[in-house]
Amino acid sequence: MTEDAETMPGSATIARLRRELARGTTELAVLSVLNVHRRYGYELMKVLRDAGEGVLEVKEGTLYPLLHRLEDSGHIVATWEAEGRSRPRKYYVITEDGRAYLAMLREEWSGLVDAMRQLLNTLGEVHE
């Protein structure tokens with residue numbers, strides 16, 4: 001969405017929709033990023049924000065509880081590592097169970113996107 005969309009009438013609705021979509025896709029987004037490369041928390045937040053062009057911005061208060069749930073469920077593992085003289089960081093890595101779960105989430109998301117596209121196309125044809 002463009003910046004102009006946020007100043008148009010109904011911008012509160014658009015903002016709410018963005019929040020709801022982000023909330024429903026955060027787990028999918030986090031696992032997708034970790035499927036490519038291990039990350040520490042702050043780095044993960046930056047990747048999500050930058051790759052999602054600000055739409056997938058995840059706050060610490062959302063990300064860390066999610067990471068703990070994913071860790072508790074066995075979808076990711078965390079290890080503390082220090083690079084050089086810097087403080088240790090907690091790195092998160094996806095597990096094989098996490099990859100299987102990610103595949104299921106991707107399939108569900110693709111089905112939802114396809115169904116919405118079909119619905120919107122059908123409604124567009126009816127009203128044109």
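Q: Let's start with Leu112: is this residue buried, partly exposed or exposed?
A: Burial is read from relative accessible area, and partly exposed covers the range between under 20% and over 50%. Leu112 comes out at 44%, so this residue counts as partly exposed. Leu112 sits in helix H4. Keep in mind that you're looking at a predicted model.

Q: Which residues join Leu112 in a nonpolar patch on the surface?
A: Leu17, Leu21, Trp109, Met116, Leu119, Leu120 and Leu123 make up the patch along with Leu112. Together they offer about 720 Å² of accessible area.

Q: Which elements give two or more residues to that patch?
A: Those are helix H1 (11–36) and helix H4 (96–127). H4 supplies the largest share, with six residues.

Q: Where is confidence lowest and where is it highest in the protein?
A: H1 has the lowest, with a mean of 83, while S3 has the highest, at 97. For the protein as a whole, the mean pLDDT is 86, and 87% of the residues reach 70 or more.

Q: How many helices and strands are there, anyway?
A: There are four helices and three strands. Going from the N terminus, the order is α-β-α-α-β-β-α.

Q: On to the rings. How do I describe an aromatic pair?
A: You give the distance of the centres and the angle of the planes. This structure holds one such pair. Its members are Tyr40 and Tyr91, with ring centres 5.5 Å apart and planes at 85°; planes over 60 degrees apart count as edge-to-face, so that's what this pair is.

Q: Which parts of the chain does the Tyr40 and Tyr91 pair tie together?
A: Tyr40 belongs to strand S1 (residues 39–40) and Tyr91 to strand S3 (residues 89–94), so the pair links parts that lie 51 residues apart in sequence. Tyr40 is buried, at a relative accessible area of 18%, and Tyr91 is buried too, at 5%.

Q: What sits over these two rings?
A: An arginine in each case. Arg38 places its charged end over the ring of Tyr91, 3.9 Å from the centre. Arg89 lies over the face of Tyr40, 4.1 Å from that ring centre.

Q: How many salt bridges does the count come to?
A: Eight. To read one, look at the N to O distance between the side chains, which has to be within 4 Å. Lys90 and Glu71 meet this way at 3.9 Å. Lys90 is in strand S3 and Glu71 is in helix H3 (residues 60–72), so the bridge ties together parts 19 residues apart in sequence. Lys90 is partly exposed at 22% relative accessibility, and Glu71 is partly exposed as well, at 26%.

Q: What separates Glu96 and Arg99 in helix H4?
A: They're three residues apart in that helix, so about one helical turn lies between them. Their side chains meet in a salt bridge at 3.2 Å, N to O. Glu96 is exposed, with a relative accessible area of 59%, whereas Arg99 counts as partly exposed at 34%. Elsewhere, bridges with shared partners join Arg38, Glu81 and Glu83 into one network. You've met Arg38 already, over the ring of Tyr91.

Q: And Asp50: which residue does its side chain meet in a salt bridge?
A: That would be Arg49, at 3.2 Å from N to O. Asp50 is partly exposed at 48%, and Arg49 is partly exposed at 31%.

Q: How do I compare separation in sequence with separation in space?
A: Put the residue count beside the C-alpha distance. Val30 and Leu63 are 33 residues apart in sequence and 8.6 Å apart in space. Val30 lies in helix H1 and is buried, with a relative accessible area of 0%. Lys46 and Val58 are twelve residues apart along the chain, with their C-alpha atoms separated by 8.8 Å. Lys46 is in helix H2 (residues 41–51) and is partly exposed at 35%.

Q: Is Ala51 buried or exposed?
A: Exposed, at 63% relative accessibility. Ala51 is in helix H2, and its C-alpha lies 9.7 Å from that of Val33, 18 residues away in sequence.

Q: Last one: what percentage of the residues is buried?
A: Buried residues make up 27% of the 128 in the protein. Val30 is one of the buried residues.

Notes
Residues numbered from 1 in each chain as written. Predicted model: local features only at pLDDT ≥ 70, side-chain atom pairs only at ≥ 80, totals over all residues. Heavy atoms only, no water. Phe/Tyr/Trp six-rings, centres within 6.5 Å; stacked < 30°, edge-to-face > 60°. Buried < 20%, exposed > 50% of the residue type's maximum accessible area, 1.4 Å probe, protein only. Lys NZ or Arg CZ within 6 Å of the ring centre and 35° of its normal. Patch = residues over 30% accessible without salt bridge, like charges linked within 9 Å, V, L, I, M, F, W, Y side chains within 5 Å. Areas by Shrake-Rupley, 256 points an atom, 1.4 Å probe, with all protein chains shown as cover. pLDDT = per-residue confidence, 0-100.
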